[in-house]
Amino acid sequence: MTDRIISALPHLVENLSPEEHEIWGRIYTISRHEGRLILPEALREEEAKYAPFRSQQITRVTNLHSGESTLFNELRAKRPLEARRDEVPVRELEAGNGCPFCDPLKTTPSDVFGRVEGRFCLTASNLAKYDALHALVIFRQHHPFICEEEKIRDFLDVAQTWFLRAQQYDPRARYPFFMWNCLWRAGASIIHGHAQALLAVEPYQSVEDWLHTCDSYRKRFGSGYGEDLFRLHEALGLGRSYREGGILACLTPVKEKEMMILAPAVENLPPLISRVLSLYHRLGVCSFNLAIFQPPLNVSGPVMARVVDRGDLLSRSSDIGGMELYGGTAVVSSDPFVMMDALAAQNSEG
Ligand SMILES: [Zn+2]
């Protein structure tokens, strides 16, 4: 039996059905290379610890359409997935007097077209904007660890309503972008739970790439890119159907533990996002980025959400380095097969 780890991927690809193997060839390439080294005398004394480093198998997977490429080192991938035991600085996560989002009607600006209010959140106009139409979706709960479906549905509903209001204000703007940066490792400057909504005249580059890939893939192959991506991941044991969509452990994650969600529309996303964030919480992930890729307003079409772990809250080293920023090739320690097994275990438990 083949191990379910990333280094076994070439073998699993060889065993795909002819149809799925053809889809693999449309989307991905894979290569494996051995990295070798000579240990100095001092390290040879700890033979058991360092011997495995003498020969390291590197697996590289590239998506020919998105251009995403990821390096997995078998030595790292073989590590068991253990819940992180960060000493979460709980005191810092509790509401304090100085929290600018605990009383947002008093302490945050509104958009010129007003606020959108939901049961679990409300919008504010971002004080220093990334782009002309930029709102914060401020959660009514201070503590940012949220994975309940009904709360996530409210956040997305409020954001979608804000997109429509923003478009009434500026009819040229039609490209929505929802993102959630949870805690400082993910780029959030304020601890209080909040997400962000932007509506742009031109799509942001990753959204444009996604829309372009879906369009060109259908024209070239006559099938849906998202459907084929899911079919392939499912055949490899890296995708599972859930409710109205699918959850994938990406073959080309941008960074650690990345999960991708595919669904027919934004309103189908809440239970899937809830499932992935529940898994993250169980694994001790505290800081993450989540983004939703969706078609322009008033255009129907499939949507994608991506969620990525941003690492230990107490770590001083950044998870993103030169390889990710300039090498264009992420170096990832977590194994997609291990992530999908953890999700499957959660499904059977829950
Ligand atoms: Zn607060």
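This is a short walk through a sheet, a helix and one loop proline in a predicted model.

Okay, the sheet to start. It's an open one with 4 strands, in the order 1-2-3-13, and the pairing is mixed. Strand 1, residues 28-36, and strand 13, residues 330-332, sit at the edges; each has a single partner strand, so one side of each has no neighbour in the sheet. From one strand to the next, the twist averages 25°. Now, how do strand 3 and strand 13 pair, parallel or antiparallel? Strand 3, residues 69-73, runs parallel to strand 13, over 3 bridges. If you want a pair to click on, Leu71 has Val331 in strand 13 as its bridge partner.

On to helix 10, residues 225-235. The buried residues there are Tyr225, Gly226, Leu229, Phe230, Leu232 and His233. They sit on the same side of helix 10, because they cover an arc of only 165° around the axis. That fits the general picture: an α-helix has 3.6 residues a turn, so residues three or four places apart point the same way. What do the buried residues of helix 10 pack against? Quite a list, including helix 2, helix 9 and strand 12. After helix 10 comes Gly237, with a positive phi near 80°.

Last stop, Pro296, in the loop between strand 11 (288-293) and strand 12 (303-309). Pro296 has 16 other C-beta atoms within 10 Å, so it counts as partly exposed. Leaving out residues up to four places away in sequence, Pro296 touches Arg174 and Tyr175. And its C-alpha is 9.6 Å from that of Ala200, which is 96 residues away along the chain.

Note on methods
Residues numbered from 1 in each chain as written. Predicted model: local features only at pLDDT ≥ 70, side-chain atom pairs only at ≥ 80, totals over all residues. Pairing = 2+ DSSP bridges. Helix = DSSP H or I, 4+ residues; strand = E, 2+ residues; numbered from the N terminus. Axes fitted to C-alpha atoms, helices over the stretch in contact; angles between N-to-C directions. Buried ≥ 20, exposed ≤ 12 C-beta atoms within 10 Å, placed from the backbone. Contact = placed C-beta atoms within 7 Å. Arc of directions from axis to C-beta.
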